[in-house]
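Visitor: I have a structure open and would like to learn how to read it. Could you take me through some of its features?

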Amino acid sequence: MANTLNSGLEGITAAETRLSQINGEKGELLIRGSPIDELGGNASYEETVFLLLNGRLPAAEETDELRDTLASHRHICDEVQAVLQRAAREEKPAMDALRMGVAAANLGVADQDLREDVHRVIAVFPTIVAAYWRYRQGKERVTPRDDLRHAANFLYMLTGEDPSEARVAGLETYLNTVVDHGLNASTFTARVVVSTESDLISAATAAVGTLKGPLHGGAPGPVLEMLREVYETGDAEGYVRETLDAGERLMGFGHRVYRARDPRAAVLESAATSLYTEKEDIEFFETAQEFEDVATDLLAEYVPDRRLETNVEFYTAILLDGVGIPKDIFTTTFAISRVSGWMAHALEQLDDNRLIRPSSHYVGDTRRSWTPVEHR
């Protein structure tokens, strides 16, 4: 009996998970049972990581312990730094540099147990990204500090200066909000890798390679460019109509899963509101909010049979720009958050592992026979 073909594995359930639940029709997201609108703006990133890995929120001392554990694993060896320096000299994209750095991240590190490997992978992502970006700017890397929280330390390593509480809060909300999202492409990749009983570094490296693709993690940068253009011209309606009349996609709107406004957009909008009230470019933020309203109305006019509302990328671009994250490392910053989801899924896969091995439907020729080369 032939298997049913589901292109892109659409509608196929490949795993049971306790990590996140998505209701695309209602626009709802739960992380370990916690609504994202409660978790995103309230938790520290360490609390969210603990929740993912342990299934409950930590006590204060457990948060401190995890924070210290992650801090102890932040450092990268000279060989990894050399790889990042060369990637920067050759102006490799940031996601390429992250992939290279992660693949080499266990150099100089003694064998550890599975949980310590998880902590190590999560901890080094910000160090790799920040070191590469400093090298790319022709600057020396900034050594990570053990006394700062995960989000604050990343911002510190990018600039060498203590970040403001407002910037830390904005980044921490972002990291919490995008930490896990069902069986997306990169998460599925991580689970496939560990289902073979490979190691966590391999899983993380493969997941980074998957996230690099523009159909998965590459849209916030173009969203920011779009919003900057609209801010300069002051013509939101003209931009949207020109884009849609040309048959092009309007970046930051629509989602493969959600048929309502992405719930993560609301969390990030709230965080951006708090951040931009303290910034001189409040007008840019207000223009972006107005653009969202105009675009949503025009999408309903142009595509009445589909609900194309704001997705996470729209307010990701606005918030990360407000925090001071350079556009070229938006996607690697996403990876800094999502790696905790990848690692939680890897552990969940290994708890009751079965090799992930889907079938394919052959549609090629079946009537060929061997012909000697002199008769071809």
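Guide: We will go through a helix, the core, a cavity, some backbone angles and a sheet. Please keep in mind that this is a predicted model.

Visitor: Let's begin with a helix. How should I think about the directions its residues point in?

Guide: An α-helix has 3.6 residues a turn, so residues three or four places apart point the same way. Now look at helix 5, which runs over residues 94-103.

Visitor: Is helix 5 mostly covered or mostly open?

Guide: Mostly covered, as seven of its ten residues are buried. These are A94, M95, D96, A97, L98, G101 and V102.

Visitor: What covers the buried residues of helix 5?

Guide: The cover includes helix 4 (78-89) and helix 6 (114-136), along with helix 10 (200-211) and helix 16 (330-351).

Visitor: Which residues touch the most other members of the largest nonpolar core?

Guide: Four stand out among its 112 residues: F125, L250, F291 and W342. Helix 6 supplies the largest share of this core, with 13 residues.

Visitor: Let me pick W342. What is W342 in contact with, leaving aside its neighbours within four places in sequence?

Guide: One of its contacts is F125, itself among the four residues that touch the most other core members. The others are S186, T187, A190, A204, A207, V208, L211 and A335.

Visitor: Next, empty space. How is it found?

Guide: Rolling a probe the size of a water molecule over the atoms shows where empty space is left. Here the count comes to one cavity of 30 Å³ or more, and the volume of the largest cavity is about 30 Å³.

Visitor: Which residues line the largest cavity?

Guide: Its lining is made up of G254, H255, Y258, A260, D262, R307, E309 and T310. Sorted by class, two of the lining residues are nonpolar, three are polar and three are charged.

Visitor: I have heard about phi angles. What should I look for?

Guide: Most residues other than glycine have a negative phi, and most peptide bonds are trans. With that in mind, look at R32, whose phi is near 50°, a positive value in a residue other than glycine. E197 also has a positive phi, near 70°.

Visitor: Where do R32 and E197 lie?

Guide: R32 sits in the loop between strand 2 (28-31) and strand 3 (34-35), and E197 is in the loop between helix 9 (185-195) and helix 10. R32 is partly exposed, with a relative accessible area of 25%, whereas E197 is exposed, at 66%.

Visitor: Those strands bring me to the sheet. In what order do its strands come?

Guide: The order is 1-2-3, in an open sheet of three strands with antiparallel pairing. Strand 1 (20-23) and strand 3 are at the edges with a single partner strand each, so one side of each has no neighbour in the sheet. Strand 1 pairs with strand 2 over four bridges, and Q21 is found opposite L30 in strand 2.

Visitor: One last residue, Y231. Where does Y231 lie?

Guide: Y231 belongs to helix 11 (residues 220-233). It is partly exposed, with a relative accessible area of 29%. Leaving aside neighbours within four places in sequence, Y231 is in contact with E283, F284 and T287.

Visitor: How far apart are Y231 and A344?

Guide: In sequence they are 113 residues apart, and in space the separation is 40 Å, C-alpha to C-alpha.

How values were computed
Residues are numbered from 1 along each chain as its sequence is written. This is a predicted model: local features need pLDDT of at least 70, side-chain atom pairs count only at pLDDT 80 or more; totals for chains, interfaces and linings use all residues. Side-chain values use heavy atoms; hydrogens and water are left out. Buried means under 20% relative accessible area, exposed over 50%, partly exposed in between (1.4 Å probe, protein chains only). Helices (H or I, at least four residues) and strands (E, at least two) are DSSP runs, numbered from the N terminus. Contact means heavy atoms within 4.5 Å. A nonpolar core is a set of buried Ala, Val, Leu, Ile, Met, Phe, Trp, Tyr and Cys residues joined through side-chain atoms within 4.5 Å. On a 1 Å grid over the protein atoms alone, a cavity is a set of points where a 1.4 Å probe fits but cannot get out, and a pocket is an open set with protein on both sides within 12 Å along at least five of seven lines; lining residues have an atom within 4 Å of a point. Grid points are joined across faces, edges and corners, and a volume is the space filled by probe spheres set on the points. Ala, Val, Leu, Ile, Met, Phe, Trp, Tyr, Cys and Pro count as nonpolar, Asp, Glu, Lys and Arg as charged, and the others, Gly among them, as polar. Two strands pair if DSSP finds at least two bridges between them.
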